[in-house]
Amino acid sequence: MPIDPNIPLERCRNIGIAAHIDAGKTTTTERILYYTGLTHKLGEVHEGTATMDYLPQERERGITITAAATTTYWNWQDQKYRINIIDTPGHVDFTVEVERSMRVLDGAVAVFCGVAGVQPQSETVWRQANRYKVPRICFVNKMDRAGANFFAVVEQIRERLGAKAVPIQVPIGAEDNFKGVVDLITMEAKIWNEEDLGMTYKVVPIPDDLKADVEKWRTFLLETVAEYDDALMEKYFSDPTSITPDEIRAALRKGTVARELFPVLCGSAFKNKGVQALLDAVCAFLPSPLDIEAVKGINPKTGEEEVRPVDINAPLAALAFKIVTDPYVGKLTFIRVYSGVLKAGSYVLNTRTGQKERVSRLIQLHANKQNLVDELAVGDIGAVVGVREVRTGDTLCDEAHPIALESMTFPEPVIQKAIEPKTQADSDKLATALAKLAEEDPTFRYWVDEESLQTIIAGMGELHLEIIVDRLRREFKVEVNEGEPQVAYRETITASVVHRELFKKQTGGRGKYADVVIEFSPYDKGHFEFINEIKGGVIPREFIPSVEKGILQAMQDGIIAGYPATGIRARLFDGSYHEVDSDSLSFEIAGRYAFREGCKKANPIILEPIMKVEVETPDEYTGGIVGDLNRRRGQITGMNMRGGLQVVTALVPLKELFGYVTQLRTLSSGRAYAVMEFSHYQPVPPHIQEQIVAQSKGLKAIKEQV
């Protein structure tokens, strides 16, 4: 479906579908594609035929791993709208995909399960949307399921997400009898026709048993929108019946774009109910690129902040938010154009590298299918072919008007494992394959351990690394042996210490000399802080950065067990130098030695990653599950009922969670379900620290013997 150039920017929507795993995001997206005419057959996640889940791993597992993009069209109020959709994953291991999608979206549809309501990943996704100031509408899905309760979910959105949820529909029937909705804006009851897969509906009188509910929520809707418009407020107090549907929509849109209101709809995507109303709401309430703030960035030449207006005639500014290796066209860079226009065959500047790059082709995306286009204009989301030196978060802009847009921050990996190629042929291909995967996924890291010469891969969870290894085999035809998963421990200090390090070497001729006095202390605001308090030139200014460099290098090797150190402040306040023998390398080595020796005296400890775990289970298995979490050094933080199931939340060390999902299935006869996400680092208990230190010394001794 080619891009329609006749649709003005105010009728374009860049939206994402985001939610907790298994709330029905991909099914909702598939129905949107079907009803908008982009597909002519309903794709099903459980059958492995979903259009947007195009990776083999996604189809086999029934989960979304990568954010897929597509463009489609919808007619609302006799006008054609263009909708760019990104279907994002719900599994916390792939949270980077949600993060980078949120960065480039103008609006989002938050999907909630009608039974489970607000779940842990719903909260994570909501926080990400808050961080990037993304307006949202809510869709309560799975209303046909046993235990579905629309208004209970609305209440949870208010309480757990702190959002002003405004229902604009009341469901007709529930569970097996869910058949339609009452539209609170038009006050029409709509029942979907089963025979044409919910494509059409009939308007019926509002059922008698719903009239009280409808009146209550209609009043709430009118009271809420009246706050956003003085004229509506007057009408509301004089004659509420005179308020028109268009006036309600205009006020709702104003509140939604300001992220103060969140309209809530309901339906069952799987049963083809409610998706067209959701599309109408996307057009009615979510912002166009013109409704959001003009994008800000820094001019790399002057360091001054600059603004790029949402205007096709402004200089080009585009953000690369995702990189994919395509077997046919090579490297695809997904971009969002914030201002100006990008033409195929033109040159762009990458402000991070300072290099000019040629854009050979431009592509409009539909999952893994591609349509070539001549240009991508302001507000468009598409892909670029031909740009080589590009990373996620890079800005591509007009060379004559450089700008660096705010990049993206990604979480550090918390789990790692060793892999080794099975054959020499695999060995040759492994480095290339890992480099491509790391380029695509900023939360995936790899390196070669200098002592064991093993390749280490690191990611956000067991499933994340499992998928990486699976992709190595399938896409890159690289067979590997895998080691056991390892926890990414960190080290830090708990006391302050002042250490003097004198590095002096005399070997005839010019020697080496550096003398530094550094205070090392705990730093709770981040990874590392270096403070230079040298006065009177006791150490020349040009050697100061070398001291910091040496400390940072030493931090990679840790203090007591070889794990990277973090949360440390280094204050350099005294020292001396030699006119002839001092140089940058001498001060770098002094910084390294000062860290190693000084921090050993500052009560060093080992930190371990703690995961937030939420288990949903039938009540009869709760005792066994809580007991098992306690045995895993878990700290139970909450227990409550949700949708007829007991929900147990706990903070548990990652080390104790390897293989947990399998054990949970055994404990609950396959009926319990768990999700986990990284929470924070905390000190390991002393007896476990002793084991970790002893283990690291043992490994070191073995390596030295070899």
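Helices here are DSSP runs of type H or I with at least four residues, numbered from the N terminus. The exercises below concern a predicted model.

**Exercise 1.** Describe helix 8, and find which residue with a positive phi follows helix 8.

*Solution.* Begin with the extent of the element: helix 8 covers residues 245-257, has 13 residues, and reaches 18 Å from its first C-alpha to its last, close to the 18 Å expected at 1.5 Å a residue. Next, look just beyond its end, where Arg259 follows with a positive phi, near 60°. Finally, consider which positions are shielded: Ile248, Arg249, Ala251, Leu252, Arg253, Gly255 and Thr256 are buried in helix 8.

**Exercise 2.** Which side chain meets that of Arg249 in a salt bridge, and is Arg249 buried or exposed?

*Solution.* The partner is Asp246, with a distance of 2.9 Å from N to O. Both residues belong to helix 8, where they are three residues apart, about one turn of the helix. In general, an α-helix has 3.6 residues a turn, so residues three or four places apart point the same way. For the second part, apply the cut-off: buried means under 20% relative accessible area, and because Arg249 has a relative accessibility of 18%, Arg249 counts as buried. Asp246, in contrast, has a relative accessible area of 49% and is therefore partly exposed.

**Exercise 3.** Work out how the four strands of the open sheet are ordered, and which helices lie against them.

*Solution.* The order is 31-32-34-33, and the pairing is mixed. Strand 31 (497-505) and strand 33 (528-532) are the edge strands, since each of them pairs on one side only. Neighbouring strands of the sheet are turned by 25° against each other on average, direction ignored. Strand 31 and strand 32 (residues 512-522) run antiparallel and are joined by nine bridges, and His499 stands opposite Ile518 in strand 32. Turning to the helices, helix 12 (residues 544-556) lies across strand 32, strand 33 and strand 34 (568-576), and runs at about 155° to strand 33. Helix 13 (residues 584-600) also packs on the sheet, where it touches strand 31, strand 32 and strand 34, with a direction that makes about 40° with that of strand 32.

**Exercise 4.** Which parts does the salt bridge between Arg571 and Glu519 tie together?

*Solution.* First, the side chains of Arg571 and Glu519 meet at 2.9 Å, N to O. Then place each residue: Arg571 lies in strand 34 and Glu519 in strand 32, so the pair ties together parts that are 52 residues apart in sequence. Glu519 has a relative accessible area of 21%, and therefore counts as partly exposed. Strand 32 also holds Ser521, which counts as buried because its relative accessibility is 8%. Not counting residues up to four places away in sequence, Ser521 touches Ile493, Ala495, Ser496, Gly567, Ile568 and Arg569.

**Exercise 5.** Which residues touch the most other members of the largest nonpolar core, and which helix gives the most to this core?

*Solution.* Among the 51 residues of this core, Val109, Leu221 and Leu252 touch the most other members. Helix 9 (residues 275-285) gives the most to the core, contributing eight residues. To see one of these places in detail, take Leu221, which, leaving aside neighbours within four places in sequence, is in contact with Val166, Pro167, Ile168, Leu184, Ile185, Ile248 and Leu252. Another core, of 41 residues, lies apart from the largest one, and includes Leu437, Val478, Tyr489 and Ile692.

Notes:
Residues numbered from 1 in each chain as written. Predicted model: local features only at pLDDT ≥ 70, side-chain atom pairs only at ≥ 80, totals over all residues. Heavy atoms only, no water. Pairing = 2+ DSSP bridges. Helix = DSSP H or I, 4+ residues; strand = E, 2+ residues; numbered from the N terminus. Axes fitted to C-alpha atoms, helices over the stretch in contact; angles between N-to-C directions. Contact = heavy atoms within 4.5 Å. Expected span 1.5 Å × (residues − 1). Buried < 20%, exposed > 50% of the residue type's maximum accessible area, 1.4 Å probe, protein only. Core = buried A, V, L, I, M, F, W, Y, C linked by side-chain atoms within 4.5 Å. Salt bridge = Lys/Arg side-chain N within 4 Å of Asp/Glu carboxyl O.
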